[in-house]
Amino acid sequence: MRSSTIPGFREIFPSEEANYTDLVRGLGSDTIINLCAALNSELTCPEPWKETQTRLNYIVIRRFTDAQRSHILRAFDLYKEKAGSGFQGAIFFRRYLVFMMLRELNNYRIVETRDQPHHEFAFFRAYLKIIDEVNDGDHGDIDFRSLDKTDPSWTLRLCWLPILRQFDLNEKGNMIFEMLKAACFLDFAAKNFREPLRDYLLSFGLSSPGQLMDSYNAIYKATELYDPNAMLRKYTLITVDSATNVLHLDAQRISPQTKEKLRFSDLKKRPVFFSSQRQKYLVLDNYLAQRKVFRGPYFELFHQTSLKPQDKALQNEAYIRYSQQVADVLEKRCLKPILTLLAQEQCDVLHFDDGSESVPDGYLRVGRKIFLFEYKAYFFPEKLAQKPNFDDLKTYFDRGFIANEKGKEKGIHQLRKQIALLYKSGFTFDPDAKTLLDNGGLTIYPVITYNDFYFGLNGLNTYLNDAFVRSLPKSSTDKLKITPLVLMNLESLLDMVLTGQGPDHTEQHILQYLTMTSQAQERLRFTGNSDDFLLAYAGFDELYNWQFALRPGDLEKAQEVLDQLITLAGISFDDLERPLQ
């Protein structure tokens, strides 16, 4: 794991003063958005990262003059001398391209010009300016000079405040996971919110949940088209034909604004753009389009139908009730099937929440090893992502994973109670565990699983584990070996299942994660290195995706497992395709 430093306008053109507006004056917004979307899509190509970056650099600078090209390459060399291994020549990153598109959508200009080489140089200079502006915005969330290193929270401040704005753009898509959640949700909605769901579908000219999923899948397939011989290998323009659901596509279209400023959260809701220049649709960010497959119907069904009360005083309570119902569905139809397949034949006991006191959402025992799973289907609030505030973040995490505002114990204390019960008498569904405890002891792996990528934020696992360890009575550790708490995206568990892994592999991944982070913390005491800092406070999923996650080409091998998962989740695609009357 390595942090990257990227030169901006100040490093490449140190003697110049320029603002973004002047740099793009001769370029139309449609042209810039198209080029940013194309480069952004290229970053998802199934090829080595360095190869992609080298190709993108060539695409952009190939028509520069000799003097321009020479200046850029010389400036890169000078910057590399200063940055060292932190700069590998990579310039184009999703985050900056996305914010450049947002900048253009908020300041939309129609400029009638013919394609000229000097336009590409102007675009490149403007992109470098965006890098400066975005990085300056990160630093605005924290005053590094006022950080008090004697304050126990200083490392968390350093993890959360500068990182949070950019963290969301580290999230990649997983179409299998999104389609699984969407299918479970829509099947539930068809049975329990039939009339609102029917009205929602009719707004797109659709009659069944399956048609909605087909529409999302058509967009996904378009973004996955790949031509290894083309200069731009994944640049996708969506042509409207008789098979295209234009109403649904148009509902995802983001429009240029002249009044209210668009934010990244708006792009999450509407990741599609209609290019007036090319008279076609294009997806601005492939991963946002994938994440919308579940999040879109989930939020829109409530906010755009009769499920949302007209009386504002009742809306919050109605949404809480709605979100809890959906969370219960995801626990029963996603978590349970995933853990069932993970358990395989080597598992001695597999049990799920049966409503009894202190029973975990998932309990899996193999010999003397017990995995305790608590599942939290929270959505991280957009307002905290847009304007990070340390005290607000800490309060939110405390209420979600420690105890809520009414004092109800959550997350770590649910796990603490389960461990205390194991130590005292054990669970009635696994009487052998008590015998094993009394005759050699047990090893406990406490895990909190979640759906929202944000909970893999650097430092959060460390913070919650510290609170978890403080909550444990010392008496329980004489016969119980309790490993540190791990926060794990349900998506990672799904990945393990699809790649044929079992509890032993899960244990290995957990232990490797704990070893890598603890070793990085030890090194950090002596090096003060930013790479060691990021690794020391990394979340489990970041390291799992870095080293072990599903790779392109693995899906064919996973098809049989996926079919089993769909069956266990109770998903019938025939039912989903049936029109709602």
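## Domains, their interface and a small sheet

The domain assignment divides the chain into domain 1 (9-140), domain 2 (175-308) and domain 3 (328-513). The model is a predicted one, and this briefing follows two topics in it: the interface of domain 1 with domain 2, and a sheet of three strands together with the helix that lies across it.

**How domain 1 and domain 2 meet**

- The centres of domain 1 and domain 2, taken over C-alpha atoms, are separated by 28 Å, and 26 residues of domain 1 make contact with 29 residues of domain 2.
- About 2,400 Å² of area is buried between domain 1 and domain 2, and carbon and sulfur atoms give 59% of that area.
- Of the area that domain 1 buries against domain 2, 23% is supplied by Asn34, Leu105 and Asn106, which is more than any other three residues supply.

**Polar and charged pairs across the interface**

- Across the interface of domain 1 and domain 2 there are 20 residue pairs in polar contact, counting pairs in which both residues are at pLDDT 80 or more.
- The elements that give two or more residues to the side of domain 1 that touches domain 2 are helix 3, helix 4 (49-61) and helix 6 (94-106).
- Helix 3 gives the most to this side of domain 1, with 9 residues.
- The interface of domain 1 and domain 2 also holds 3 salt bridges.
- In a salt bridge between arginine 233 and glutamate 51, the side chains meet at 3.6 Å, taken from N to O.

**The sheet and its strands**

- An open sheet is formed by 3 strands, which stand in the order 1-3-2 and pair in the antiparallel sense.
- Because strand 1 (237-238) and strand 2 stand at the edges and have a single partner strand each, one side of each is left without a neighbour in the sheet.
- Strand 2 (residues 272-275) pairs with strand 3 (residues 280-283) over 4 bridges, and the sense of this pairing is antiparallel.
- Within this pair of strands, valine 272 has valine 283 of strand 3 as its bridge partner, while phenylalanine 274 stands opposite tyrosine 281 in strand 3.
- The hairpin of strand 2 and strand 3 has 4 residues between the strands, and in this hairpin glutamine 279 takes a positive phi near 55°.

**The helix across the sheet**

- Helix 3 (residues 29-42) lies across strand 1, strand 2 and strand 3, and it runs at about 135° to strand 2.
- Helix 3 is therefore worth finding in both topics, as it lies across the three strands and gives 9 residues to the side of domain 1 that touches domain 2.

Conventions
Residues numbered from 1 in each chain as written. Predicted model: local features only at pLDDT ≥ 70, side-chain atom pairs only at ≥ 80, totals over all residues. Heavy atoms only, no water. Pairing = 2+ DSSP bridges. Contact = heavy atoms within 4.5 Å. Axes fitted to C-alpha atoms, helices over the stretch in contact; angles between N-to-C directions. Domains from an automatic or database assignment. Buried area = accessible area lost by both parts, 1.4 Å probe. Salt bridge = Lys/Arg side-chain N within 4 Å of Asp/Glu carboxyl O. Polar contact = N/O pair within 3.5 Å; in protein donor to acceptor, adjacent residues only side chain to side chain.
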